[in-house]
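Colleague: I am new to this structure and would like to learn how to read it. Please take me through it one feature at a time.

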Amino acid sequence: MILEKIAAMLAEVSSLEARTSDDVERLRRKYLSKKGLLSALMDEFRSVKPEDKKSVGMKINELKTLVQDKINALREQAETAETENNKPDLTRTPYPVRPGTRHPLTIVTNEIITIFQRMGFTLATGPEIDDDLNIFTNLNFAADHPARDMQDTFFVKESNIDVTRNVLLRSHTSNDQSHYLSTHRPPIRVLCPGRVYRNEAISARAHCFFHQVEGLYVDKDVSFVDLKQVLLTFAREMFGGETKIRLRPSYFPFTEPSAEMDISCHICGGKGCAFCKQTGWVEILGCGMVDPNVLDACGIDSKEYTGYAFGMGVERITNLKYRVADLRLFSENDVRFLEQFRSAF
C-alpha cells in the first residue's frame, strides 16, 4: 500500500509546475513541511514490516530527493522569470512624471539668503533647543521680561538636563547672535535662518512655530546708515526696484536704538488697499544697532566695535509675495496648495 502511494507521488512530483515564488512555496509546504505528505509517509513507514523497511526506505529517500530537486528547480525558474518581468521595458511609451517643487517657505528663505550673500553675508546656524543664557541673558533681556514666562515660551524638562539652566525651545533666532558673537571675533557679517517656537494659539494669523532670518554685522564704525542702506537694498531686490522703506522707532532688548521697517505696499503701489489696511505701508522686519550690553556679554569690546542686527519672519515675507492668507497652510502639507508653487523655484 505504501509503495503504491510512493509511486503515485513520484509521478505527481515529476509533473509539478509553478509560475511564481508563491506557487513554489505552496508546493514546498505541501510536500516538505512538518504536516506535509512526506512527513505523513514517514509516520506510515513506522508500521512497515521489518523485512520491507529497507526497500520502502530507499523509495521514500528517492521520493524526498526528487521533491527537493524539483522544488529547487521550480524556485530558480520562478525567480529568473520574475527578474525578467521586473526589467524596464525600453520599448514602452514614456509616461508623464509629475515634478515636485520646493516648499514656498524654502523658496522665500533661499531668495532672502541669496540677496544677503551678494552683500557679503555668510550663513550661520544655531540650536533650536538652547538655554536661558543664549536666548535671553546674553541678549539683554531683563530677569522679569514677559518672554521668560511659561505662557510665552516652551520650556524643556528632561531627567538628563540640568533644570537650573532653564532649557527651552528658542523663541527667536537671535540666540544665534549670542553663540556667534561668543565664538568669533569681528568683523562679523552673518545671516542666520531657522525655526522658532512660541506658545501661541494656532490660527490663520499665528502659529506655535514659524521661521525667521536673523542678520548681524559687527565691526568698527558701523552706523545706522549702513543698516538702512542694506535693508533698502534687500527690499528692492525682494519686492521690486520701486519699493520704498520707512523706519519707525521701536524697542527690542538686544538693540538700541531699535526700529521696525515698513515697505510700500507692492499690491496697491502705496495708494492704500485692504492688504495694507489703507495705509500704503506693510511691516516686514525689526532691526536696530546691537546694544553694547550684548557685545560686552559675549566678550566683544563695545567701546571699540559697533554693529547692527535685523530679523524678519519668513512667513510674513511669503505672505507678501504670494498673498497666502492663512499661516496654517504652510504646515498642513496640502498638495493642492503646494502645487501652486511649481514654477516658483
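**Reading the strands, turns and helices**

Modeller: Start with one pair of strands: β8, residues 281-290, runs antiparallel to β9 and is joined to it by 5 bridges. Keep in mind throughout that this is a predicted model.

Colleague: Which residue stands opposite Ala309 of β9 in that region?

Modeller: Gly288 does. Ala309 also has Leu216 opposite.

Colleague: Which strand pairs with β9 over 8 bridges, and in what sense?

Modeller: Strand β5 does, in the antiparallel sense, and β9 itself covers residues 306-313. Besides the Leu216 and Ala309 position, Tyr217 faces Tyr308 of β9.

Colleague: How many bridges link β4 and β5?

Modeller: There are 10, again antiparallel, with β4 taking up residues 188-197. One position to look up is Gly194, whose bridge partner in β5 is Gln212.

Colleague: In what order do the strands lie in the sheet?

Modeller: To read a sheet, list the strands by who pairs with whom. Here the order is β1-β4-β5-β9-β8-β7-β6, which makes an open sheet of 7 strands with mixed pairing. Its edges are β1 (122-123) and β6 (245-252), each of which pairs on one side only. In the whole chain there are 9 strands and 11 helices.

Colleague: Is β5 mostly covered or mostly open, and how many of its residues are buried?

Modeller: A residue counts as buried when its relative accessible area is under 20%. By that test 9 of the 11 residues of β5, which spans 209-219, are buried. For the chain as a whole, the buried share is 41% of the 345 residues.

Colleague: Now to a helix. Where does Ala78 lie, and is this residue buried or exposed?

Modeller: Ala78 belongs to helix α4, residues 53-86. Ala78 counts as buried because its relative accessible area is 1%, against a cut-off of under 20%.

Colleague: Which residues is Ala78 in contact with, setting aside neighbours within four places in sequence?

Modeller: They are Arg19, Thr20, Ser21 and Val24. A related value is the C-alpha separation of Ala78 and Asp23, which is 8.8 Å although the two are 55 residues apart along the chain.

Colleague: How should I read the backbone angles?

Modeller: Begin with the usual case: for residues other than glycine phi is mostly negative, and peptide bonds are mostly trans. Then look for departures.

Colleague: Which peptide bonds are cis?

Modeller: One is the bond from Pro186 to Pro187, with omega near 5 degrees. Pro187 sits in the loop between α7 (175-183) and β4. Another cis bond joins Glu256 to Pro257, where omega is about 0 degrees. Pro257 is within strand β7, residues 255-264.

Colleague: What is phi for Asp221, and where is this residue?

Modeller: Phi of Asp221 is near 65 degrees, a positive value in a residue other than glycine. Asp221 lies in the loop that connects β5 with α8 (224-239).

Colleague: Why does Asp221 count as exposed?

Modeller: Exposed means over 50% relative accessible area. Asp221 has 72%, so it counts as exposed.

Colleague: What of Arg323?

Modeller: Arg323 has a positive phi too, near 55 degrees. Its loop lies between α10 (314-322) and α11 (335-338). At 55% relative accessibility, Arg323 is also classed as exposed.

Colleague: What are the overall dimensions of the chain?

Modeller: Along the principal axes, the C-alpha trace covers about 110 × 55 × 35 Å. The radius of gyration gives another view: it is 36 Å, where a compact globule of 345 residues would have one near 20 Å.

Colleague: How much of the contact pattern comes from residues 24 or more positions apart?

Modeller: Among contacts with a separation of 6 or more, such pairs account for 68%.

Colleague: What does the chain expose, and how are its charges placed?

Modeller: The exposed area is about 19,900 Å², of which carbon and sulfur atoms supply 51%. The chain has 45 positive and 48 negative charges, and the mean positions of the two sets are 6 Å apart.

Definitions and conventions:
Residues numbered from 1 in each chain as written. Predicted model: local features only at pLDDT ≥ 70, side-chain atom pairs only at ≥ 80, totals over all residues. Heavy atoms only, no water. Helix = DSSP H or I, 4+ residues; strand = E, 2+ residues; numbered from the N terminus. Rg over C-alpha atoms; globule rule 2.2 N^0.38 Å. Buried < 20%, exposed > 50% of the residue type's maximum accessible area, 1.4 Å probe, protein only. Contact = heavy atoms within 4.5 Å. Areas by Shrake-Rupley, 256 points an atom, 1.4 Å probe, with all protein chains shown as cover. Lys, Arg positive; Asp, Glu negative; His and termini not counted. Charge placed at Lys NZ, Arg CZ, Asp CG, Glu CD. Pairing = 2+ DSSP bridges.
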